[in-house]
Every structure is written in structure tokens, then in C-alpha cells.
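Colleague: I should like to learn how to read strand pairing, a nonpolar core and a surface patch. May we work through one example together?

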Amino acid sequence: MSIPGFRIIRDFQDSGPAKIYGAESLADKLPVLIKVQSCYDESQHKIDALNNDHMVSVDLSLYSDHALRPIDFRRSKELTYIVYA
């Protein structure tokens, strides 16, 4: 798996509708988690669900220091993913 701007370090989950990776930002060397929509199911419904995860995470991070803080939601021809700090 290759995601522009990040170096994948570890697979945390490699089953189900999304994959979760531990990674390092190439820009600032900080650790991040990346939730990637599985390539086999890029339906609009699944992309909308991932976008909803992003919006819920944004709201939760406003109220708790213990929630993952989403820093980016990206969609390209190849991948749809959320980056968490």
C-alpha cells in the first residue's frame, strides 16, 4: 500500500469495509493513523459512510482530548481515506 505523503509502518486492520494503517507523515515525521476505504468497494454509499466517519470524528475531537483528531479527508481516483493525528 502506498499513500502519497505518508510512509506506512503497520497494518492494524486488514479486513472489513476499511483498512487501518499506522503511518508516518513524510512532511513532519509525526505518527498518524490512516483509515482507507477498501479498493474492492468504492461505491458512493461506502464513500459517504467514510465521509460521515470523518465528520463525526471532527465533532468528537472538539469535545474530547481522547478522541482521534482527523486532520484530512482525501478522495482520489485510486483511494478514499481519512488521516488521524
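Colleague: Which residue is the bridge partner of Asp72 in S5?

Modeller: Please keep in mind that this is a predicted model. The partner of Asp72 in S5 is Val83. To read such a pairing, one looks at the two strands and their bridges. Here strand S4, residues 70–75, pairs with strand S5, residues 80–84, in the antiparallel sense, and five bridges join them.

Colleague: How many residues lie between S4 and S5 in the hairpin?

Modeller: Four residues separate the two strands of this hairpin.

Colleague: Which residues make up the largest nonpolar core?

Modeller: A core is read as a set of buried nonpolar residues joined through their side chains. In this model the largest one has 10 residues: Ile3, Phe6, Tyr21, Ala23, Val32, Ile34, Val36, Leu79, Tyr81 and Val83. Strands S2 (18–25), S3 (31–37) and S5 each give two or more residues to this core. S3 provides the largest share, with three residues.

Colleague: What does Val32 touch, leaving aside residues up to four places away in sequence?

Modeller: Val32 is in contact with Phe6, Tyr21, Gly22, Ala23, Glu24, Ile71, Val83 and Tyr84. Two of these names have appeared before: Val83 is the bridge partner of Asp72, and Phe6 belongs to the core.

Colleague: Let us turn to the surface. Is Leu62 buried or exposed?

Modeller: Leu62 counts as exposed because its relative accessibility is 63%, and the cut-off for exposed is over 50%. Leu62 is found in helix H1, residues 44–63. Together with Val58 and Tyr63, Leu62 forms a nonpolar surface patch with about 370 Å² of accessible area.

Methods. Residues are numbered from 1 along each chain as its sequence is written. This is a predicted model: local features need pLDDT of at least 70, side-chain atom pairs count only at pLDDT 80 or more; totals for chains, interfaces and linings use all residues. Side-chain values use heavy atoms; hydrogens and water are left out. Two strands pair if DSSP finds at least two bridges between them. A nonpolar core is a set of buried Ala, Val, Leu, Ile, Met, Phe, Trp, Tyr and Cys residues joined through side-chain atoms within 4.5 Å. Buried means under 20% relative accessible area, exposed over 50%, partly exposed in between (1.4 Å probe, protein chains only). Contact means heavy atoms within 4.5 Å. Patches are made of residues with over 30% relative accessible area and no salt bridge: like charges are joined within 9 Å, nonpolar side chains (Val, Leu, Ile, Met, Phe, Trp, Tyr) within 5 Å. Accessible areas come from the Shrake-Rupley method with a 1.4 Å probe; for residues, only the protein chains shown count as cover. A salt bridge is a side-chain nitrogen of Lys or Arg within 4 Å of a carboxyl oxygen of Asp or Glu.
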